[in-house]
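Trainee: I am new to this structure and would like a close look at a single part of it. Could you take me through a patch on the surface and then set it beside its surroundings?

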Amino acid sequence: MNDLVVRHGVMDLTAWDYEHDKRIKLDGEWEFYWNQLLTPEDFNQRDKPSPTTFMTVPSQWNGKIIDNKPLPAYGYATYRMVLKNVPYSGIFALKKTNIRFSSAVYANGHKLFEDGKPTSDVTTYRAGNVPKLGSFSSEKGDIEIIVQVANYDYINSGIPLSIYFGGQTDMNEIQQRNMGYELGTFVILGTLATIYFICFITASLYGKKDYSLLFFAIVCFLYAIYSGLISERPLLLFFHQVSFEAMYKWKDIVSTICFIVLAIFFYQLQKSIISLKFTQIVSAILGAYLLLIVFLPIHVYMEFQGYIMGLYELMLFWLLMRTAILYIKKTNNSSFKSFLMFTAILTINLYSLDLILFAFSIKDNIWLGQLYIVAFNIIMVFLIVLRFFEAYHTIDEMKDQLLQLDKIKDDFLSNTSHELKTPLNAIVSITDTLIKGVEGPITEKQASNLAIVLESGRRLTHLVNELLDYSKMKHGDISLFKSQIDLKAAVDSVIGIHMFLLGGKPIALVNNIAEDAPQVYVDGNRLIQILHNLLDNAIKFTEKGIVEISAVAVRDMIEVRVADTGIGIEKAMQERIFNAFEQEDASVTKNYGGTGLGLSITKKLVELHGGEIRVESSPGRGSIFIFTIPAAKKADRTIRRITEQRLHQLPPKTHGAYPISIKGMRDETILVVDDDFANLQAMINLLKLEGYSIVVVNRGRLALEELSKKTDFFLVILDIMMPDMSGYEVLRLIRERYSTSELPVLMLTAKNRVSDMIVTMENGANEFVGKPFEAEELMARVRNLTRLKASVKMAKDAEIAFLRSQIKPHFLFNALNSIAALCMDEPQKAEELTLQLSEYLRGSFDFKQLDSLTTIENELSLVNAYIMIEKARFGSRLQVEYDIEANLDFQLPPLILQPLVENAIRHGLMSNFRGGTVKVSIMQSADNAIKFTVEDDGCGMSDKKIEELIAADVRKKGVGLWNISQRIKLLYGSGIRIESKEGIGTKVSFDIPALPKVEMEG
């Protein structure tokens, strides 16, 4: 606030708004006592000292006129002021930034802090000028502030910058913020210095010593130190035991060395803007001044500081003029570089000017100067980059030529490998079918030769795949996508595949990894590849026995052991077994052949994860391959859980949080089973977009529990690798209850290999998708499988609806009325009709036969029972003819023929008064198919009506012809045929294969 000014040693704080002005400057006219170091006790006496004059704060006292004489820079004095009417009680703080060159501050009669030792005797005086903050408590009212100042070193004296007053909390907060800004500048400059020093060392290692990099690193480092020793002096936080005099000298030493190095740096960077002679003169003068700083007291070498600063500014101004001229004379190739050079020197000029203004107390902070020095260093980054491009332009051209040749070689290798895969797969497939006798039986010798071809083809296919991986590794093209993986589940999945591929070998594959083993932090695909290669190798050289996988935690790594009881490896071979394409000499071992690429790739993959691999073996006693991979850290799990909760907005990832149910627009519910939260969320998002209802679990046992509670799932998406039980085991248990059509299963695995696909499909999976999956591929497979389930469900529902529709209340009412009418006049006929109704009901309600087949004879009995009931109602209006030329023991689905007859009677004949005839024809054709026809001479119907009947909705109109057609189509591939004309009649027919009667045991 403008009203808060010290006037004649008093500042009235009545109008102080603490909420608005957290910190106020104590600027104005302070009482000034020259050549007196007074304490609060001196002002408590009855005869209070009178001020020599009133001194403006901030300002320097040297040069001020007292008693017609200017005050000297060296001397001592006391400043005093009173804060009147402080409106608040509490804990306050005073902050002094710059008081030259030693001081002691008192508030309310207590000394807050002392910086150096202000005394009237130069021999006992000690310099000190570090920003300090002191706190004190005070009640409402007045606060007396006394500042003792003494100076025998610096060229000007007094309180050149404001003293601040405010609440302790706010003052501390501002102090920390200012300290943070200056530490940030120190860190930025220090980081740049480190980067360029590393660049210099790296270039030197390759025979290119670019000293401009070294000079620039030194400049950055020196400016970082200098920035840490001025203003708030943040470096003193780390070196608080260093004396002020030493610190101050270090500041001047660093500043002077900066001048020297900067002159040499600009000479090295652009010799056209500064000559060698000028550089040498400037360096010599600054070097001499540097010696004065080291060996002389502060007050002695300070006499020369003004001249040195003038020389430095002259040099910078000269550099600015030279770069401006150079930029004006620029060419197209050098214009950008000249502009950067000019801007760099301009920023360093502005930085120096800002420091000079701060040194002479014209400015009270150096934040703008720090911005200039950071900008200077950023510009230097561009200059260094340009320097590198210029220096290595020729090398880049040569490198590009070499890379082009290398790319041609790699493209040839890659293209050749890809082209080889197709014919190799054809060779393997054709040979395999020939061995299995697709072209007829083969001799034992032929089978032996073909087996050799088959094995060679498989080895070549494996080699081609390894060549592609080896090429990627050689050029660093393989990226690792690490995540937390359950090692036991990964080993289970790999063992499951190799159990299938053992080929009858008497080998037991044992997973001895503990259930509570720590998770590993690896690329899941590459872990599977490592395990596959090691198991392949173990099985290859083990005729019988055990291959065992175990793991143990070793500090922050997991040590995995793959042990076998095979032929073993000789010591000489152990040293070479991980070399690519290493063919062992016969003198070393007779049994162990070439290593190919498998173990070499395994070694590279382990090393990419930061681990190591070795082998322990002796001939005849088996081998143990030992490799290490990183363990998942607890911190990783915490971060992972928090990230999942924040990004996925799912409940906490604990066993108790599952299952997670998400209702979609569709009634088709999908069960998703995966222990990887990222995969779960990806699938949830995709399925939600399609409108599916979802149930999510992260363990196999939870999935089985959900299936036991809820039977209307349309699809299960199942991961192979899970902690509690593998996906293979879950799949096996699912298939014990459901067929592939009743509950489709889509398997996910981290490694999309043919062997994985074979195992999953053999175990009853409907589809197979590798991870990481493509969204379009996954959703296409999901849609196909849900449609399959929907079709099967529709067929079942159609059968049930069809069965239920057989007994219509209206039909029963009419039948019972007919029986009641006959009971009095024709009791015998009523009895026969009752028996017919009983037979009809028994056939219609035979639920257990719904999913099986019946004979033509049984179906005709049901038709006849129905017709007898209807004849009792309609009498001579209803006529039925049979034309049967087929074996009555042939089978057909139950309740197929009777509904067609009922449809012909109710809708065809009885819709008019005269009635008509229904003809039932069953004929066996020459191709062993049976043709069923139900024909009536009733009212008939139009083509439009036929279309409506075929497309009828079960939920609205009952069974109808559509349901019968769908049922036959599900079983035999083709539906019913309808021929009809209005006023003439309707003919419905269908064909089924002739199935002989099967006698059921029991």
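**A nonpolar patch on the surface**

Mentor: In this predicted model, the residues Phe 197, Ile 201, Leu 205 and Tyr 206 come together on the surface as a nonpolar patch, and their accessible area adds up to about 500 Å². One of these residues, Phe 197, has its place in helix α2, and Phe 197 counts as partly exposed because its relative accessibility is 42%, a value that falls between the 20% under which a residue is buried and the 50% over which a residue is exposed.

Helix α2, which spans residues 168–205, also takes part in the interior, being among the elements that give two or more residues to the largest nonpolar core. That core has 73 residues, and within it Tyr 223, Leu 262, Ile 348 and Phe 376 are the ones that touch the most other members. Besides α2, the elements giving two or more residues include α3 (211–228), α5 (276–295), α8 (335–359) and α9 (367–391), while α4 provides the largest share, with 14 residues.

For a surface patch of another kind, one can turn to Glu 881, Glu 935, Asp 937 and Glu 979, which gather as a patch of negative charge. Of these, Glu 935 belongs to strand β33, made of residues 929–936, and Glu 935 is classed as partly exposed because its relative accessibility is 35%.

Definitions and conventions
Residues numbered from 1 in each chain as written. Predicted model: local features only at pLDDT ≥ 70, side-chain atom pairs only at ≥ 80, totals over all residues. Heavy atoms only, no water. Patch = residues over 30% accessible without salt bridge, like charges linked within 9 Å, V, L, I, M, F, W, Y side chains within 5 Å. Areas by Shrake-Rupley, 256 points an atom, 1.4 Å probe, with all protein chains shown as cover. Salt bridge = Lys/Arg side-chain N within 4 Å of Asp/Glu carboxyl O. Lys, Arg positive; Asp, Glu negative; His and termini not counted. Charge placed at Lys NZ, Arg CZ, Asp CG, Glu CD. Helix = DSSP H or I, 4+ residues; strand = E, 2+ residues; numbered from the N terminus. Buried < 20%, exposed > 50% of the residue type's maximum accessible area, 1.4 Å probe, protein only. Core = buried A, V, L, I, M, F, W, Y, C linked by side-chain atoms within 4.5 Å.
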